[in-house]
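Dear colleague,

I am passing on the structure we discussed, and my notes on it follow directly below. Please read them alongside the coordinates.

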Amino acid sequence: ASGVIATAYHVVDRPASEALGAMTSDGKVYAVKEVIAASRIDDIAILKLDGSGFQPLALSAHAPVGTSVAMIGHPNRQFYMMTTGMISRYYIRNIEGIDTLRMSATAEIGGGASGGPLLNASGAVVGMASKTLSILGETHDNDHRNLQMVVKQYIPASAILDLLTSHNGSAGEQQHSPRQFITRMEALERNGSWDTLEDEACAWITDHPKELSVSMMLAGRLMKNPGRENRRVAEQILRHILVTNPNSIEVLSVFSRLRYSQGRYSEAVELYRRWLALAPNEVMILNDLAWILSEEMGQHEEALALAEKALKLAPEDRHSLDTHGVVCRHLKRFNEAEASLKELIRVCKEYGSATRTEIVARFHLAQVYWESERKEEAGRLFQECLGLRKKIKGLSPEQTAIAKQRCKELSIIYEE
């Protein structure tokens, strides 16, 4: 009667500028007044309508496999269509490291039916429509795939009740389990309560040091979303995770790359060094650190030692060959640079068609030839790079500009 309703999270996951509403069977439309609770992972949103006098439906968490059910939904704008069937299965889905309960039923659903109630014989809601999964087989000629079965996926009523219970509890109770913690964080993010989100997230991380994957998942999600506050809070969370897990390779890998992408190279190098101390023979770390030291900080000698170690560990690693060639060029060790870059081009050719890595290798080799006064060979390679860049887009704007300038200096015609 109070206007509280449940629907699928993906139904209402819309830009803030869009209005939300619900229509009753008599055609009346009621605006959504507020979002009471929501869980992206469980695909549930609990809303409150701006109105009163509604007829509520009971929720029942008791619905074993074989229970007869009826589903009401709006597939493809076919309003209030009813289909029938039975509950066929309960199962666990792992989404972003968190287990979440799902059910399958044979009652048909289609696009537009998401959020519709699945009712038992007494009219109580035992589930809510979520999505479909098509199972395809192959024909004898393997050219086409036949539709063998469509699995109808529902959210069990027990998950809706759990979300309501967690919302009605205190903040501490809400954060007892990983699912409740993520649900709480998503609600705070949605409301723009950034300081509260940061404080509660850091407190939860301190109290749950073994739940590293959940904490990292939260930080990763915040970093992916646009917005200055998202990234600020994500960084604070990462810092706190690093304090509580100082030897976590997972945390160091994310944080070091974040600092590099932000152009904070000194901090990135410090983090990479800590990461390398925990995994001294990891080729990727050796290579990344060598590249930053050489290209961003001009520390070519130290970079060379790291690049040489990476090559000893993985002689045909493409990134290590490229880094070694570039560092040797800076140190005017042109023969070694040429050898590494030619080996890289050979390795790339084994993949068949030209790749972005091969084009970049050709560009770097052209730079080696140019700086070692082998201008004719350099010009030919610059010309080849410009010819290939349209097909593969391997060169950066800066590299393209350099290649064009060198070709002009040698009066070489190139593709625009």
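Helices (H or I, at least four residues) and strands (E, at least two) are DSSP runs, numbered from the N terminus. On that scheme Met 23 falls in strand E2, residues 21-23, and is partly exposed (20% to 50% relative accessible area, with buried under 20% and exposed over 50%, using a 1.4 Å probe and protein chains only), its own value being 37%.

This is a predicted model, in which local features need pLDDT of at least 70 and side-chain atom pairs count only at pLDDT 80 or more, whereas totals for chains, interfaces and linings use all residues. Residues are numbered from 1 along each chain as its sequence is written, and side-chain values use heavy atoms, with hydrogens and water left out. The pLDDT, the predictor's confidence in each residue from 0 to 100, averages 87 over the protein chain, and 94% of the residues score at least 70.

The largest nonpolar core (buried Ala, Val, Leu, Ile, Met, Phe, Trp, Tyr and Cys residues joined through side-chain atoms within 4.5 Å) has 77 residues, and Phe 382 is among those with the most contacts inside it. A second, separate core of 13 residues includes Met 71 and Ala 107.

Two residues deserve a look at their backbone. Arg 77, in the loop between strands E5 (68-73) and E6 (81-95), has a positive phi near 65° and is exposed at 65% relative accessible area. Ser 411, in the segment after helix H16 (397-409), has a positive phi of about 55° and is likewise exposed, at 66%.

Best regards
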